[in-house]
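User: I have a model in front of me and would like to go through the reasoning behind its labels. Please keep the answers brisk.

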Amino acid sequence: RQTRNARILDLIRELDAHLKRIGHLTVGIPGRIDKSVLQHESIFDAIGRRHAGDAEARMRSHIASVLADQLATYEDPAED
């Protein structure tokens, strides 16, 4: 909100909306919130230790984990 750059503000708004959509898709997956909290703590720890490569690897692992859980619980409406 403090930026005077409209492009950056638009990107931030789009990212925020995307993260909210992902949150809505994953909140109902059993165990996902607890798993995400642990993964976020792990990422935060790596950042705090200033281990950029480790933080990146943990973030990539988290994203893959969320996607895997979403796909595992996806129900295709076409199959009904």
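User: What makes the protein chain differ from a compact globule of 80 residues?

Analyst: Its radius of gyration. The protein chain has 16 Å, whereas a compact globule of 80 residues would have a value near 12 Å. The box around the C-alpha atoms is roughly 50 × 35 × 20 Å along the principal axes. Bear in mind that this is a predicted model.

User: Which secondary structure elements does the protein chain have?

Analyst: There are three helices and zero strands. The order from the N terminus is α-α-α.

User: How much of the protein chain is buried?

Analyst: Buried residues are 18% of the 80 residues. The cut-off for that label is under 20% relative accessible area. The accessible surface is about 6900 Å², and carbon and sulfur atoms hold 58% of that surface.

User: What share of the contacts comes from residues 24 or more positions apart?

Analyst: The share is 50%, counted among contacts with a separation of 6 or more.

User: Why is alanine 46 called buried?

Analyst: Its relative accessibility is 0%. Buried means under 20%. Alanine 46 therefore counts as buried. The residue sits in helix α2, residues 32-48.

User: Which residues does alanine 46 touch, leaving aside neighbours within four places in sequence?

Analyst: Alanine 46 is in contact with His51, Asp54, Ala55 and Arg58. Contact here needs heavy atoms within 4.5 Å. Aspartate 69 is another matter: its C-alpha lies 23 Å from that of alanine 46, at a sequence distance of 23 residues.

User: How do you know that lysine 20 and aspartate 16 form a salt bridge?

Analyst: The N to O distance between their side chains is 3.2 Å. The rule asks for a side-chain nitrogen of Lys or Arg within 4 Å of a carboxyl oxygen of Asp or Glu. The pair therefore qualifies as a salt bridge.

User: Why are lysine 20 and aspartate 16 about one helical turn apart?

Analyst: Because they are four residues apart in helix α1, residues 6-26.

User: Is aspartate 16 buried or exposed, or does it fall in between?

Analyst: In between. Its relative accessible area is 37%. Buried is under 20% and exposed is over 50%, so aspartate 16 is partly exposed.

User: What makes aspartate 45 and arginine 49 a salt bridge?

Analyst: Their side chains come to 3.0 Å, N to O. The limit is 4 Å. So the pair counts as a salt bridge. Aspartate 45 is partly exposed because its relative accessibility is 38%. Arginine 49 is partly exposed too, at 33%.

User: Which network of salt bridges includes Asp45 and Arg49?

Analyst: The network links Asp45, Arg49, Asp54 and Arg58. Two of these names came up earlier: Asp54 and Arg58 are also among the contacts of alanine 46.

User: How many salt bridges does the rule give?

Analyst: The count is seven.

User: How do you know that glutamate 56 and arginine 60 form a salt bridge?

Analyst: Their closest N and O atoms are 2.9 Å apart. That is within 4 Å, so the salt bridge stands. Both residues lie in helix α3, residues 52-73, with their positions four residues apart, about one turn of the helix.

User: Why do glutamate 56 and arginine 60 get their accessibility labels?

Analyst: Glutamate 56 has a relative accessible area of 43%, so the label is partly exposed. Arginine 60 has 57%. Exposed means over 50%, and arginine 60 therefore counts as exposed.

User: What is notable about the phi of arginine 50?

Analyst: Phi is positive, about 60°, although arginine 50 is not a glycine. Most residues other than glycine have a negative phi. Arginine 50 lies in the loop between α2 and α3. Its relative accessibility is 78%, so this residue counts as exposed.

User: Why is leucine 67 called partly exposed?

Analyst: Its relative accessible area is 45%. That falls between the 20% and 50% cut-offs, so leucine 67 is partly exposed. Leucine 67 belongs to helix α3. Its C-alpha is 15 Å from that of lysine 20, and the two are 47 residues apart along the chain.

User: What makes alanine 17 partly exposed?

Analyst: A relative accessible area of 30%. Alanine 17 is in helix α1. From alanine 57 it is 40 residues away in sequence and 24 Å away in space, C-alpha to C-alpha.

Conventions: Residues are numbered from 1 along each chain as its sequence is written. This is a predicted model: local features need pLDDT of at least 70, side-chain atom pairs count only at pLDDT 80 or more; totals for chains, interfaces and linings use all residues. Side-chain values use heavy atoms; hydrogens and water are left out. Helices (H or I, at least four residues) and strands (E, at least two) are DSSP runs, numbered from the N terminus. The radius of gyration is taken over C-alpha atoms; the globule rule is 2.2 Å times the number of residues to the power 0.38. Buried means under 20% relative accessible area, exposed over 50%, partly exposed in between (1.4 Å probe, protein chains only). Accessible areas come from the Shrake-Rupley method with a 1.4 Å probe; for residues, only the protein chains shown count as cover.
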